[in-house]
Amino acid sequence: MGKPDGASKQFIDALEFRGIKRRDFLKFCGATAALLGLSELHAPKIAAALEKASKRQPVVWINFASDTGCTEALIKATYPGPAELILDILSLDYNETIMAAAGKQAEDILAKSKRAGGYILIVEGGIPTKKGHGMIGNREMLDVFKDMAGSAVAVLAVGSCATTGGVPAANPNPSQIIGVSEGLKRVNIDKPLVNLDMCPMNPEYLGGVVVNFLLLGKLPDLDQHGRPKMFYGQTIHDNCERRAHFDAGRFVEKFGSQEEAMNYCLYKMGCKGPMTYSSCPKIQYNNRTSWCIKAGGPCIGCAEPGWTDKFAGFYEKLPGVKIPGLGGVEAGADTIGAAAAVATAAGIAAHAAMTKSTGRTKDKDGGKK
Ligand code: SF4
Ligand code: SF4
């Protein structure tokens, strides 16, 4: 990659200062290439793009109505991971949760960023629209949003509170909270917007969007809800490690049961995986060690817009699902499970008949029957 120029050198020094070895950084670039659906051969290109971008792309991160869980998810992510990407590679000018400045000093930084413009605006949390229900520096959050969105090059809404209001906007939504997409319409601003629905957002998704922007100079392709197709193109159910149990009609009926211990399908325990689009089973959390269903909990559908109302109660079975392969029919889980079990039994019977006719079945002592 040649001799590093000033910015690259500064970047390498910053990584070393945080105790990140070059080898780990390249490993991170390889993993990011895979995340973006590229071959590992792109890792050096990603490394070069990140080094070049070092400290040249400002980011302003604003917190509105939320529990700051997305910031927490970011700073506790893989090492090295998206946190280093944001903190070391980009210039994170403002984030109330992790910056040292407070009060007037913080307000001055925000005003300076607005004057300079050209930043990526990351929004965490929903925007209260009922007067007096959400203020920053004695200003309504909606006014702060209008100010900061106006001078941004693009807006990333991280976490479901930012995309559609999330938990704070759940019925009856006393603070009349809205998400960023609705917020942009209210303040009459048109900006490129990426929604990273989830509660909290997966920091690897954020890292992928940022790398995509730095590498290709554009935001990723989006679905109808403004979510990157590369992360929200398939349902949880499509890639779930318990799918074989669903197809065979093997369900957990009760927590604490033998079926639960055998990791059977959680559909009857309220799993919303069949109606939720996200790459959770593939990308997972915590350095790809686990995710909700692997940890034994049903998916509550937090990657879907409006999930808090749409999927309540979380432990109640979905009334019906569309099953690919059964003609896209709507059917209840009991019907599906029964149909799948019948199909499996028929398949086993057919297989047994075939193997018997070809003499491939064996008795318990290993001899052919
Ligand atoms: S219903 Fe849930 S637990 Fe069962 S296979 Fe689908 S996603 Fe996995
Ligand atoms: S598995 Fe479901 S509940 Fe868990 S993070 Fe993914 S979308 Fe949210």
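Here a colleague and a modeller talk through the sheet and the cavities of a predicted model.

Modeller: Residues are numbered from 1 along each chain as written. Local features need pLDDT of at least 70, and side-chain atom pairs count only at pLDDT 80 or more, while totals for chains, interfaces and linings use all residues.

Colleague: What makes S7 and S9 a pair?

Modeller: Two strands pair if DSSP finds at least two bridges between them. Strand S7 (residues 152-158) and S9 have 4 bridges, in the parallel sense, so they pair by that rule. Leu 156 stands opposite Val 194 in S9.

Colleague: Which strands form the open sheet, and why do S2 and S9 stand at its edges?

Modeller: The order is S2-S1-S3-S7-S9, with parallel pairing. Strands S2 (91-95) and S9 (193-196) each have a single partner strand, so one side of each is left without a neighbour in the sheet.

Colleague: How do you know that space is enclosed, and how many cavities are there?

Modeller: On a 1 Å grid over the protein atoms alone, a cavity is a set of points where a 1.4 Å probe fits but cannot get out. By this rule there are 2 cavities of 30 Å³ or more. The largest has about 100 Å³ of space, where volume is the space filled by probe spheres set on the points.

Colleague: What lines the largest cavity?

Modeller: Lining residues have an atom within 4 Å of a point. There are 13, and those closest to the centre include His 237 and Cys 240. Helices H12 (236-239) and H13 (243-247) each supply at least two residues of this lining.

Note on methods
Chains lettered and ligands numbered in written order. Heavy atoms only, no water. 1 Å grid on protein atoms, 1.4 Å probe; cavity = no way out; pocket = protein on both sides within 12 Å on 5 of 7 lines; lining within 4 Å.
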